Amino acid sequence: MATEIRLDLNKKQQLAFHSPATEILYGGAAGSGKSLLLRVSAIRWCEDVPGIQVYFFRRTYPELRDNHLRGIGNFFTLLADRLASGEVKYNKQDNEFIWSKTNSRIALCHCQYEDDVEKYQGAEIHVLMMDELTLFTEYQYRFLRSRVRLAGLPIPMKHAGRLPRIECGSN
């Protein structure tokens, strides 16, 4: 089994990370760790809840790629041990990380145009994550929010009442 992912979150990030709230908006200036917090939280849900579906959004694919697949603290770096061991696989075609034994997944998504949300009409989103929420339209947010549900996913006791969940970051 891969080693535990360890990161030093600041006090504000820790409050959001451990919050029992089911809808969180984490704000701050550029460089304050909003995107990192969302990545760490997405991984936590996949590590703790078998079968969970985490949908992780940026408005455009280039923003998603540059902010979450490249640079310091990106998904590949955070998941390096798990990817090397085969515990997690990255499906480039579907742009998602999948936990091999539990089928938990982080789907990396974007909605550049207003009606791109229609692609998610039938999605069962257990955790919705939207990075830079102010770049999305109200319609997009409301539509994606309406897809958030559990539909029978068994939740471990330590997370009872915390799922389904919405976590957003914004300047």
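Buried, on this tour, means a relative accessible area under 20%, exposed means over 50%, and partly exposed is in between. Keep those cut-offs in mind as you click through this predicted model.

**Stop 1: two asparagines with positive phi**

Select Asn 95 to begin. At 8% relative accessibility, Asn 95 is under the 20% limit and therefore counts as buried. You will find Asn 95 in the loop between strand S3 (88–91) and strand S4 (96–99). Check its backbone as well: phi is near 55°, a positive value in a residue that is not glycine.

Now move along to Asn 103, in the loop between S4 and strand S5 (105–110). Here phi is near 60°, again positive in a residue other than glycine. Is Asn 103 buried or partly exposed? Its relative accessible area is 40%, so Asn 103 is partly exposed.

**Stop 2: Arg 105 and its partner**

Next, select Arg 105, which sits in strand S5. Its relative accessibility is 16%, so this arginine counts as buried. Which side chain makes a polar contact with the side chain of Arg 105? Show Glu 96: the two side chains make a polar contact at 2.6 Å. To see the surroundings, add the residues that Arg 105 contacts beyond four places in sequence: Cys 46, Ile 52, Gln 53, Val 54, Glu 96, Phe 97 and Ile 98.

**Stop 3: the largest nonpolar core**

Ile 52, one of those contacts of Arg 105, leads into the next stop. The largest nonpolar core has 31 residues, and the ones touching the most other members are Ile 52, Val 54, Phe 56, Phe 75, Phe 97 and Ile 106. Colour helix H2 (residues 34–48) too, as it gives this core its largest share, seven residues. A separate core of 19 residues lies apart from this one, with Cys 109, Ala 123, Ile 125 and Phe 136 among its members.

Stay with Ile 52 for a moment. With neighbours within four places in sequence set aside, its contacts include Trp 45, Cys 46, His 126, Val 127, Leu 153 and Leu 163. Asn 103 and Arg 105, from the earlier stops, are also in contact with Ile 52.

Then click on Phe 56 in strand S2 (residues 53–58). Its relative accessibility is 0%, so Phe 56 counts as buried. Not counting residues up to four places away, Phe 56 touches a set of residues including Leu 38, Ala 42, Leu 64, His 68, Phe 75, Ile 106, Cys 109, Met 129 and Asp 131. For a distance to try in the viewer, pick the C-alpha atoms of Phe 56 and Leu 153: they are separated by 19 Å, with the two positions 97 residues apart along the chain.

**Stop 4: a pair of cysteines**

Cys 109, which Phe 56 touches, is worth selecting together with Cys 111. How many disulfides does the structure hold? There are zero. The closest cysteine sulfur to that of Cys 109 is in Cys 111, 7.3 Å away, and a disulfide needs the sulfurs within 2.5 Å, so this pair is too far for a bond. Both are buried: Cys 109 has a relative accessible area of 5%, and Cys 111 has 0%.

**Stop 5: the cavity**

A search of the whole structure finds one cavity of 30 Å³ or more. About 50 Å³ of space lies in the largest cavity. To locate it, select its lining: Ala 16, Phe 17, Ile 24, Tyr 26, Leu 37, Leu 38, Ser 41 and Glu 167. Helix H1 (11–18), strand S1 (23–27) and H2 are the elements that each give two or more residues to this lining. Which of them gives the largest share? H2 does, with three residues.

**Stop 6: a cis peptide and a loop arginine**

Go to Leu 163 and Pro 164, which are joined by a cis peptide bond with omega about 0°. Pro 164 is in the loop between helix H6 (138–145) and strand S7 (165–170).

Finish at Arg 70, in the loop between helix H3 (61–69) and helix H4 (75–78). Its relative accessibility is 46%, so Arg 70 counts as partly exposed. Show Asp 66 alongside: the side chains of Arg 70 and Asp 66 make a polar contact at 3.2 Å.

Methods:
Residues numbered from 1 in each chain as written. Predicted model: local features only at pLDDT ≥ 70, side-chain atom pairs only at ≥ 80, totals over all residues. Heavy atoms only, no water. Helix = DSSP H or I, 4+ residues; strand = E, 2+ residues; numbered from the N terminus. Buried < 20%, exposed > 50% of the residue type's maximum accessible area, 1.4 Å probe, protein only. Polar contact = N/O pair within 3.5 Å; in protein donor to acceptor, adjacent residues only side chain to side chain. Core = buried A, V, L, I, M, F, W, Y, C linked by side-chain atoms within 4.5 Å. Contact = heavy atoms within 4.5 Å. 1 Å grid on protein atoms, 1.4 Å probe; cavity = no way out; pocket = protein on both sides within 12 Å on 5 of 7 lines; lining within 4 Å. Points joined across faces, edges and corners; volume = space filled by probe spheres on them.
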